[in-house]
Amino acid sequence: MPRLNKFRVRIETGDKGMEEPVRFCFNSHRLPLEDVSGGTKTGEVLEGGYEVNSVTHSMTLVGPDKGEWSLKKVTVDFECENTPPYSVEFPAVELDETSEMDIWQDPPLPTFDV
């Protein structure tokens with residue numbers, strides 16, 4: 001399991017926005033994003049991140065406490081120890097108080113010519 005130094009997330013909200021702070025769950029710990037800009041109302045884009053500095057077992061984006069939040073697109077930039085930075089893009093999804101979106105992806109395997 002790789003050690004995640006930090007990540008940045010970019011969230012494009014669809015037709016159902018939300019008013020609450022964006023939270024994520026890292027290894028079963030629910031945390032707010034830091035260094036946040038933008039918003040999560042309908043059609044808005046939010047960017048934020050977190051300096052984790054820990055081995056990653058699980059990482060999810062948490063739905064709102066009430067109502068629904070439609071995500072048009074989610075992009076996550078990862079910086080892990082001993083690997084080049086990489087990005088992962090996720091398709092549209094809808095979250096509510098009972099759902100979370102798995103946003104952790106292991107670093108890509110190294111490629112080389114044989």
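Okay, let's start right at one residue, Glu12: leaving aside neighbours within four places in sequence, Glu12 is in contact with Glu44, Val45, Ser70, Leu71, Lys72 and Lys73. Before I go on, please keep in mind that this is a predicted model.

So where does Glu12 sit? Glu12 is part of strand E1. And is Glu12 buried or exposed? Its relative accessible area is 18%, and buried means under 20%, so Glu12 counts as buried.

Now let's step back to the whole chain. There are 10 strands and zero helices, so if you read along the sequence you just get β-β-β-β-β-β-β-β-β-β. For 114 residues, a compact globule would come out with a radius of gyration near 13 Å, and the protein chain has 14 Å, which agrees. If you lay a box along the principal axes, the C-alpha atoms fill roughly 50 × 30 × 25 Å.

How do the contacts spread along the sequence? Take the contacts with a separation of 6 or more: 70% of them are between residues 24 or more positions apart. As for burial, 41% of the 114 residues count as buried. The accessible surface is about 6800 Å², and carbon and sulfur atoms account for 48% of that. On charges, we have 11 positive and 22 negative side chains, with the centres of the two sets 4 Å apart.

Next, the core. In soluble globular proteins, nonpolar side chains tend to be buried together. Here, the largest nonpolar core has 26 residues, and the ones with the most contacts inside it are Leu4, Phe7, Ile11, Met59, Leu61 and Phe78. Which strands supply at least two residues each? Those are E1 (3-13), E2 (23-26), E5 (45-55), E6 (59-62), E7 (68-80) and E8 (86-90). E7 gives the most, with six residues.

Have a look at Met59 while you're there. Not counting residues up to four places away in sequence, Met59 touches Leu4, Phe7, Phe24, Cys25, Phe26, Phe78, Met101, Asp102, Ile103 and Trp104.

Back to strand E1 for a second, because Lys6 lies there too. At 37% relative accessibility, Lys6 is partly exposed. With residues up to four places away left out, Lys6 touches Tyr50, Glu51, Val52, Asp77, Phe78 and Glu79. How far is Lys6 from Gly39? They are 33 residues apart in sequence, and C-alpha to C-alpha they are 21 Å apart in space.

Over in strand E7 we find Thr75. Thr75 counts as buried, at 18% relative accessibility. Its contacts, again not counting residues up to four places away in sequence, are Arg8, Val9, Arg10, Val88 and Glu89.

Last thing: backbone angles. Most residues other than glycine have a negative phi. Which way does Asp35 go, positive or negative? Its phi is positive, near 50°. Asp35 lies in strand E4, residues 34-38, and Asp35 is exposed, with a relative accessible area of 64%. Then there's Asn53, also not a glycine, with a positive phi of about 55°. Asn53 belongs to strand E5 and is partly exposed, at 34% relative accessible area.

That's my tour, thanks for listening.

Notes. Residues numbered from 1 in each chain as written. Predicted model: local features only at pLDDT ≥ 70, side-chain atom pairs only at ≥ 80, totals over all residues. Heavy atoms only, no water. Core = buried A, V, L, I, M, F, W, Y, C linked by side-chain atoms within 4.5 Å. Buried < 20%, exposed > 50% of the residue type's maximum accessible area, 1.4 Å probe, protein only. Helix = DSSP H or I, 4+ residues; strand = E, 2+ residues; numbered from the N terminus. Contact = heavy atoms within 4.5 Å. Rg over C-alpha atoms; globule rule 2.2 N^0.38 Å. Areas by Shrake-Rupley, 256 points an atom, 1.4 Å probe, with all protein chains shown as cover. Lys, Arg positive; Asp, Glu negative; His and termini not counted. Charge placed at Lys NZ, Arg CZ, Asp CG, Glu CD.
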